[in-house]
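Grab a pencil and work through these exercises with the model open beside you. Try each task before you read its solution.

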There are 4 protein chains.
Amino acid sequence: MKTNIKPADGKLGILIPGLGAVATTLIAGVEAVKKGISQPIGSLTQMGNIRLGKRTENRNPKVKDFVPLANLNDIVFGGWDVYSDNVYEAATKAKVLEPGLLNAVKSELEVVVPMKAAFDSNYAKNLTATHVKTGTRYELAQEVMNDIKNFKEKNGCSRIVLIWCGSTEIYYEATDIHSSLAKFEQALLDDDKRISPSMIYAYAALKLGIPFSNGAPNLTVDIPALIELAKLTETPIAGKDFKTGQTLMKTILAPGLAARSLGVSGWFSTNILGNRDGLVLDDPDNFKTKEVSKLGVLEDILKPETNPELYGDLYHKIRIDYYPPHGDNKESWDNIDIFGWLGYKMQIKINFLCRDSILAAPIALDLALFSDLAKRANLSGIQEWLSFYLKSPQTAEGLPPENDIFKQLIKLQNTLRHLMGEDLITHLGLDYYQELVDSL
Amino acid sequence: MKTNIKPADGKLGILIPGLGAVATTLIAGVEAVKKGISQPIGSLTQMGNIRLGKRTENRNPKVKDFVPLANLNDIVFGGWDVYSDNVYEAATKAKVLEPGLLNAVKSELEVVVPMKAAFDSNYAKNLTATHVKTGTRYELAQEVMNDIKNFKEKNGCSRIVLIWCGSTEIYYEATDIHSSLAKFEQALLDDDKRISPSMIYAYAALKLGIPFSNGAPNLTVDIPALIELAKLTETPIAGKDFKTGQTLMKTILAPGLAARSLGVSGWFSTNILGNRDGLVLDDPDNFKTKEVSKLGVLEDILKPETNPELYGDLYHKIRIDYYPPHGDNKESWDNIDIFGWLGYKMQIKINFLCRDSILAAPIALDLALFSDLAKRANLSGIQEWLSFYLKSPQTAEGLPPENDIFKQLIKLQNTLRHLMGEDLITHLGLDYYQELVDSL
Amino acid sequence: MKTNIKPADGKLGILIPGLGAVATTLIAGVEAVKKGISQPIGSLTQMGNIRLGKRTENRNPKVKDFVPLANLNDIVFGGWDVYSDNVYEAATKAKVLEPGLLNAVKSELEVVVPMKAAFDSNYAKNLTATHVKTGTRYELAQEVMNDIKNFKEKNGCSRIVLIWCGSTEIYYEATDIHSSLAKFEQALLDDDKRISPSMIYAYAALKLGIPFSNGAPNLTVDIPALIELAKLTETPIAGKDFKTGQTLMKTILAPGLAARSLGVSGWFSTNILGNRDGLVLDDPDNFKTKEVSKLGVLEDILKPETNPELYGDLYHKIRIDYYPPHGDNKESWDNIDIFGWLGYKMQIKINFLCRDSILAAPIALDLALFSDLAKRANLSGIQEWLSFYLKSPQTAEGLPPENDIFKQLIKLQNTLRHLMGEDLITHLGLDYYQELVDSL
Amino acid sequence: MKTNIKPADGKLGILIPGLGAVATTLIAGVEAVKKGISQPIGSLTQMGNIRLGKRTENRNPKVKDFVPLANLNDIVFGGWDVYSDNVYEAATKAKVLEPGLLNAVKSELEVVVPMKAAFDSNYAKNLTATHVKTGTRYELAQEVMNDIKNFKEKNGCSRIVLIWCGSTEIYYEATDIHSSLAKFEQALLDDDKRISPSMIYAYAALKLGIPFSNGAPNLTVDIPALIELAKLTETPIAGKDFKTGQTLMKTILAPGLAARSLGVSGWFSTNILGNRDGLVLDDPDNFKTKEVSKLGVLEDILKPETNPELYGDLYHKIRIDYYPPHGDNKESWDNIDIFGWLGYKMQIKINFLCRDSILAAPIALDLALFSDLAKRANLSGIQEWLSFYLKSPQTAEGLPPENDIFKQLIKLQNTLRHLMGEDLITHLGLDYYQELVDSL
């Protein structure tokens with residue numbers, strides 16, 4: 001099986017639309033790890049182990065030692081932004097990482113200078129962009145493709161992946177122009193405003209056969225036109241919305257409650273954050289995009305239609321408030337009203353003092369590395385096994401998404417085992433109790 | 001496959017050593033459910049669904065409709081206690097359930113009168129027992145066997161299971177007398193104090209081929225002598241310690257953190273509760289038994305030896321405080337110190353306003369029903385697939401326990417699928433993306 | 001001094017516009033207390049003590065034994081509402097009190113039937129009123145006065161007080177028509193929409209010389225016209241907004257932080273509640289009224305203009321979310337970002353699982369009793385000493401309000417001591433250390 | 001009045017037994033403030049204002065501009081410790097302050113080198129002292145007096161104060177040898193082990209007429225012998241136990257609940273901290289001293305004997321756990337079970353993420369400055385007006401302590417007003433409503 005995966009030779013270029021808090025934290029971190037002064041905690045590809053074979057075999061290699069991923073030393077970063085700050089300057093303004101750490105990788109960060117962004121201020125009104133391309137949507141797409149090709153050549157990359165780390169766009173739904181590749185390409189020519197900036201980047205990447213992952217809750221590659229293009233160019237896509245903070249906790253906890261058949265009557269979630277993301281989400285139109293992405297997970301996990309006595313009356317409410325005193329240190333508070341035996345009520349309160357970009361950066365890294373692996377393994381189109389990283393995972397049409405993070409993890413791990421020709425794990429384990437099995 | 005499982009014909013007697021808060025909540029609840037005035041929330045066997053086949057098949061029967069379990073209407077309850085209160089009186093004193101509910105099943109509860117307990121006050125000094133058997137340990141075991149036989153005959157039961165719902169015993173470890181059945185039986189004759197009361201019940205049950213489950217953290221059936229006896233009489237055993245409240249949350253959350261390769265430097269857990277369990281645990285000797293049971297789960301899930309950078313320095317501390325104002329309304333508070341990308345620190349606080357017996361009762365029910373199923377399916381000895389319900393699950397010698405509740409759930413579900421001849425589920429799911437699979 | 005206070009002879013009628021959750025909880029409670037089956041916890045007048053003289057004198061009478069208040073047994077309740085439910089029915093729907101308690105005072109509650117309300121749906125759009133008076137604002141005021149007189153006569157009351165327990169009205173500010181009594185009375189005749197329903201009740205009461213207290217955040221008696229009328233008819237007024245829950249906690253905690261010169265950079269407050277009040281506040285126009293009332297307290301206590309280094313950058317945000325699963329069981333969560341020595345940051349989180357009406361009812365009682373006392377003691381106009389009970393206390397023009405609950409308490413207590421001719425307390429206490437004093 | 005206070009001319013030496021986390025944070029902070037690179041937040045003397053006269057006068061000077069305190073620039077620090085590290089080294093190990101700040105005042109801190117400590121390891125078994133004096137208790141006292149005199153001369157100080165910042169000693173109670181100065185001095189000569197190390201410092205200071213404040217919960221100056229000595233030498237004393245963190249919150253919140261006549265049935269308080277203080281308190285004998293100091297405050301504020309219906313059944317429990325992951329970042333969690341109108345239950349949870357030494361340092365500074373003021377103002381013996389800073393304030397025999405922080409604040413402020421000849425403030429304020437007053 002492994003012979004089908006092309007090796008990870010040469011340099012991998014990771015190109016990022018949106019060099020804000022998440023992207024600069026990712027880049028600074030990878031550079032620090034390369035220098036041996038820090039560790040890529042939170043990255044499954046770098047720090048995680050995977051069990052192979054039976055429990056008693058004690059085979060638990062690191063994921064990066066099991067599947068042929070690009071080595072961190074072979075990564076080159078680039079990207080686009082609506083501000084012209086280089087990554088050192090942008091990271092300093094983002095105030096996620098300490099000055100001491102940033103200074104240790106200053107020279108590596110200063111050379112990463114953003115290319116001008118393809119932008120439309122209607123999609124993020126709270127931003128004042130100063131470093132943008134001009135032209136019709138068709139021209140912007142061509143320019144982005146040129147940017148990619150130039151970057152690849154200039155940096156001697158053998159492969160490129162794109163990962164959207166830009167702001168959340170305002171809420172929109174798919175329309176007729178998004179329904180097929182032909183219509184989408186016509187709309188590009190028409191400079192149709194319904195094509196969002198993130199779609200321009202996705203189109204450019206997929207057209208070139210370059211994997212694209214979407215870290216924000218906007219539709220982007222979730223539209224038929226771009227799924228069609230991904231199939232056509234045999235390119236992996238993964239979307240959407242990095243699963244960090246509160247939703248991460250929700251997709252950990254809700255499966256646990258469901259496992260025990262505990263009822264849930266209400267789930268109130270509030271967030272406070274004070275970074276640029278918080279500022280953008282202070283606009284109700286942008287918040288709605290995020291809200292839709294966050295709301296779905298509970299229904300998908302708890303399945304009220306299958307369990308009406310337990311989840312039929314669930315009241316789920318999500319709030320995000322811009323709160324400057326916290327900066328990037330996002331804080332969430334959840335109140336969960338559950339009920340157990342005979343309907344007796346209980347409550348769970350979770351207060352998560354997290355750091356938005358610290359949680360997102362390793363996810364961005366893993367998606368970049370795994371989408372590159374997928375490309376080399378000839379996996380194209382929707383990569384459902386990457387749902388593990390995403391708030392609102394893309395699936396084949398008609399297939400309900402799996403938001404349960406533990407099912408997502410097994411899916412990811414069994415996909416890796418499958419790719420490498422290892423036995424899938426079912427946790428049945430009756431063979432450890434041989435005499436029992438014999439008696440069956 | 002299903003043909004190998006004997007049908008659940010006739011009445012099932014559930015006999016419980018320890019008719020305190022948990023047991024009376026269980027009994028009152030089952031009676032209320034039988035009358036249609038309440039629902040067995042929190043019971044996987046009664047309320048839970050199990051997915052069969054592919055996601056697109058939409059086969060999600062209730063567990064009780066999938067495997068041949070005893071029907072609640074066929075259950076008869078009995079038990080032993082150190083106080084002579086009948087179950088109505090004991091439930092009233094436990095103050096878990098509302099008077100209105102208890103009165104609705106008063107006549108059913110009043111007829112459940114405890115048999116005298118096999119007790120040794122050295123194992124629970126904070127209790128003042130008034131309703132106990134006398135005699136040597138050997139004689140006590142004989143009496144318990146007689147109690148079981150009489151109960152079975154008197155109530156016309158076709159099958160019996162035992163489930164320990166008594167208090168936590170003081171801390172002890174296995175010694176030579178626990179190392180083989182022969183030595184254990186000699187020690188019974190010698191009235192050796194190292195045989196704890198719970199072991200007497202377990203011995204009596206297993207000797208009669210009756211399944212035994214252990215809801216407390218004492219060793220009980222976790223000793224070689226009784227494992228040997230279980231094999232000899234082809235009897236299922238399951239231990240130990242009902243997984244409720246804080247440990248339940250811990251085995252939900254810790255796998256989530258580990259899944260994401262997030263580091264954990266500290267986990268502080270405190271509990272306050274004011275019921276009889278809290279009173280018993282106020283004695284440091286009894287608390288130690290509980291502490292050992294609770295401490296293990298994190299190490300088993302996080303595996304510091306495999307992931308020293310993430311979990312090597314984990315400081316785990318557990319406190320339980322007796323706090324009368326809360327009664328049975330146990331409350332836990334956890335502070336979890338985690339670290340992510342580049343070592344940056346974050347904190348999670350969980351405040352669980354739970355109800356001890358409300359969470360435990362459905363677990364006791366499921367263990368009773370599943371251990372009866374196991375017996376009928378010729379599964380004997382340690383039932384690792386029931387780990388899902390237990391804080392400190394028993395495993396085959398040399399096999400590390402699985403404390404991750406999601407692996408436990410898959411194990412349980414795949415065991416049921418296996419018993420019923422259904423395909424095991426791996427969550428690989430590549431076949432939903434047919435063209436991808438074809439290309440592999 | 002005491003001789004100046006007229007005795008509390010005869011019956012006191014407490015008339016309440018708005019017989020919802022708060023009012024019905026108040027009425028049911030007072031009836032239960034009269035019957036000796038419950039206690040008026042939370043009422044300073046009934047349960048509180050007041051220290052008199054020096055600490056060593058040990059004189060700590062109950063407030064009700066110190067000042068001549070109306071006895072609970074002499075109270076008769078009545079009121080107006082936009083629904084025709086009697087108080088028993090309304091209390092049952094409010095779901096604040098248990099059915100058992102309500103049934104014990106059922107006959108007392110059923111006889112309290114609301115009079116038709118003076119209402120204007122523009123002031124509370126989320127309510128569907130079905131039990132309202134018709135007519136111009138002038139006619140409504142006349143009708144309310146007739147209602148009051150009829151009630152007084154029918155029930156044989158010697159004195160009446162009014163206390164507004166209706167919903168929060170939409171946000172409005174004082175205009176020219178509110179600036180003098182003459183203009184206000186002309187506006188009544190003109191049926192000017194800028195006169196809110198609560199003002200009609202206040203006008204009617206004050207015109208008759210009847211004390212009026214305002215439990216909601218609408219302006220009502222906070223306008224020059226009605227202050228003028230209160231002086232004219234020598235009537236006490238007290239406003240506005242019962243200080244319960246989160247704001248109560250805020251005015252307890254903020255003075256503590258200020259006392260220690262600890263800085264505050266941010267205070268985020270969120271509330272979830274599911275009663276009718278929550279429903280009304282789900283309308284942004286009504287929420288704004290509440291928000292303005294709640295926002296002021298921190299600035300008044302922390303005084304950023306006097307302490308710019310400590311409080312100059314304070315970011316204060318308040319949220320209220322309608323959350324039906326909790327009903328009347330309001331829950332608040334606060335995150336407070338403070339800083340200490342050398343600017344080091346700390347955080348305080350407060351989670352208050354409170355009950356809205358349970359906290360408000362005794363405040364309504366005390367305001368009723370104290371405003372009656374004020375009337376008998378010839379205290380007329382603004383009663384600043386009742387600020388203790390109010391989120392947004394009324395003061396003489398140009399005088400900053402005191403929101404610090406401890407200063408408010410001293411003010412209240414010293415006012416009572418002053419009325420009764422007792423020494424004011426300064427807590428100087430040097431005289432306990434006589435030799436020190438001698439040496440000064 | 002002011003003429004009676006001697007001016008604060010010349011240098012003030014602050015000598016500290018125990019140069020650990022609190023003392024080094026204090027010293028580093030004062031040096032940083034002197035250099036203008038930081039601010040003394042949390043210090044009432046430096047940052048706090050005091051209102052003078054009527055509200056409308058707008059006289060709110062800083063405390064330091066109102067009373068004649070020593071100027072920070074005139075302060076010289078010294079002290080004793082059981083380790084020989086200079087203050088720069090000790091502060092670095094304490095990990096309270098950032099390296100950047102410490103380096104900015106490195107030269108000022110390095111010159112503060114501890115004198116050898118008077119120590120007895122029986123009083124703090126978890127410490128391994130390496131820098132101690134030898135000799136009998138009498139000899140140790142003489143040496144400490146010599147240390148003080150030498151320090152004063154060498155540094156050209158006009159005045160000295162001592163403030164205990166050492167560890168909590170094990171629990172002990174006053175015995176006969178502590179009952180009079182004569183017996184105490186004989187016990188010194190006898191090298192009686194019942195004289196604790198902290199008493200030796202206190203004796204030495206008082207013998208020289210030097211004010212002594214006690215930041216730990218050991219008795220120290222709370223014994224008749226040393227009170228007698230303080231009177232004899234006309235020296236101010238203040239004890240005991242800096243009021244920081246959880247107890248600070250408790251004495252803020254409890255008065256608020258009591259003000260509103262809300263009942264309290266339980267108060268559970270737990271703390272986790274990982275500094276040297278936490279290590280010492282991990283010894284049950286030392287914890288008991290702290291526990292006794294912390295337990296008293298609730299009873300004193302709530303007065304269960306006066307309010308049995310509200311506070312008669314209060315269950316108060318306090319825990320402190322050593323938790324290394326948090327270092328000096330002490331965290332407390334409180335659950336408070338309250339009840340209101342008709343006995344309905346509510347809960348308050350407080351989670352305080354504080355910093356132990358950051359909260360304590362400004363208290364130590366204020367106590368030093370105010371005890372120096374007291375000396376110059378001829379206030380001698382117990383300084384009850386400094387209760388504001390202390391968990392377990394000392395009072396005249398037979399006088400119950402005031403733990404309510406707001407009464408303590410008024411006492412402090414009115415004492416300052418009294419010393420400076422300003423009107424005491426009663427918050428009566430009726431004169432703002434002149435016409436009302438006239439009518440009385």
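**Exercise 1. Buried or exposed: a serine in chain B**

Task: decide whether Ser332(B) is buried or exposed, and find what it touches.

Solution. Keep in mind throughout that this is a predicted model. Start with the accessibility: Ser332(B) has a relative value of 2%. The cut-off for buried is under 20%, so Ser332(B) counts as buried. Next, place it: Ser332(B) sits in strand 9 of chain B, which covers residues 331–339. Last, look around it. Skipping residues up to four places away in sequence, Ser332(B) touches Gln246(B), Thr270(B), Asn271(B), Ile350(B), Asn351(B) and Phe352(B).

**Exercise 2. An aspartate in two chains**

Task: describe the setting of Asp372(A), then find the salt-bridge partner of Asp372(B).

Solution. In chain A, begin with the helix: Asp372(A) belongs to helix 15, residues 356–376. Its relative accessible area is 2%, so Asp372(A) is buried. Once neighbours within four places in sequence are set aside, Asp372(A) has contacts with Leu12(A), Ala70(A), Arg159(A) and Val161(A).

Now hop to chain B. There Asp372(B) makes a salt bridge with Arg376(B), and the closest N and O atoms are 3.1 Å apart. Why are these two about one helical turn apart? Because they are 4 residues apart in helix 15 (residues 356–376) of chain B. Check the accessibility of both: Asp372(B) is buried at 2%, and Arg376(B) is buried at 3%. While you're on salt bridges, there is also a network: shared partners join Arg55(A), Glu384(B) and Lys411(B).

**Exercise 3. Two more salt bridges**

Task: for the pairs Lys207(A) with Glu185(A) and Arg194(B) with Asp192(B), work out how far apart the charged atoms are and how accessible each residue is.

Solution. First, the background: side chains of opposite charge can pair when their charged atoms come close. Over all chains the count is 97 salt bridges.

Take the chain A pair. The closest N and O atoms of Lys207(A) and Glu185(A) are 2.7 Å apart. This pair links distant parts of the chain, since Lys207(A) is in helix 9 (residues 197–207) and Glu185(A) is in helix 8 (residues 181–189), 22 residues apart. Both ends are partly exposed: Lys207(A) has a relative accessible area of 38%, and Glu185(A) has 23%.

Now the chain B pair. Arg194(B) and Asp192(B) meet at 2.8 Å, N to O. Here Arg194(B) is partly exposed at 40%, whereas Asp192(B) is buried at 14%.

**Exercise 4. Reading a sheet**

Task: give the strand order of the open sheet in chain B, and say why one side of each edge strand has no neighbour in the sheet.

Solution. Read off the order: the 7 strands run 3-2-1-4-5-6-11, with parallel pairing. The edges are strand 3 (115–116) and strand 11 (381–382) of chain B; each has a single partner strand, so one side of each is left without a neighbour in the sheet. Then check a pairing inside the sheet: strand 4 (residues 157–164) and strand 5 (residues 212–214) of chain B run parallel and are joined by 3 bridges. There, Trp164(B) has Asn214(B) as its bridge partner.

Now try strand 4 of chain C, residues 157–164: 7 of its 8 residues are buried. Strand 1 (residues 11–17) of chain C pairs with it in parallel through 5 bridges, and Ile14(C) stands opposite Val161(C). Strand 5 (residues 212–214) of chain C also pairs with strand 4 of chain C in parallel, over 3 bridges.

**Exercise 5. Where chain D meets chain C**

Task: describe the contact between chain D and chain C in terms of residues, area and salt bridges.

Solution. Count the residues: 104 of chain D are in contact with 104 of chain C. Then the area: about 8500 Å² is buried, and carbon and sulfur atoms give 66% of it. On the chain D side, Arg260(D), Trp341(D) and Tyr344(D) lose the most area, together 12% of what that side buries.

For the charged pairs, the count is 4 salt bridges. Glu384(C) and Arg55(D) meet in a salt bridge, 2.9 Å from N to O. Finally, look for strands across the boundary: strand 10 (residues 345–353) of chain C and strand 10 (residues 345–353) of chain D pair antiparallel over 7 bridges. In that pairing, Phe352(C) has Ile348(D) as its bridge partner.

Note on methods: Residues numbered from 1 in each chain as written. Chains lettered and ligands numbered in written order. Predicted model: local features only at pLDDT ≥ 70, side-chain atom pairs only at ≥ 80, totals over all residues. Heavy atoms only, no water. Buried < 20%, exposed > 50% of the residue type's maximum accessible area, 1.4 Å probe, protein only. Pairing = 2+ DSSP bridges. Contact = heavy atoms within 4.5 Å. Buried area = accessible area lost by both parts, 1.4 Å probe. Salt bridge = Lys/Arg side-chain N within 4 Å of Asp/Glu carboxyl O.
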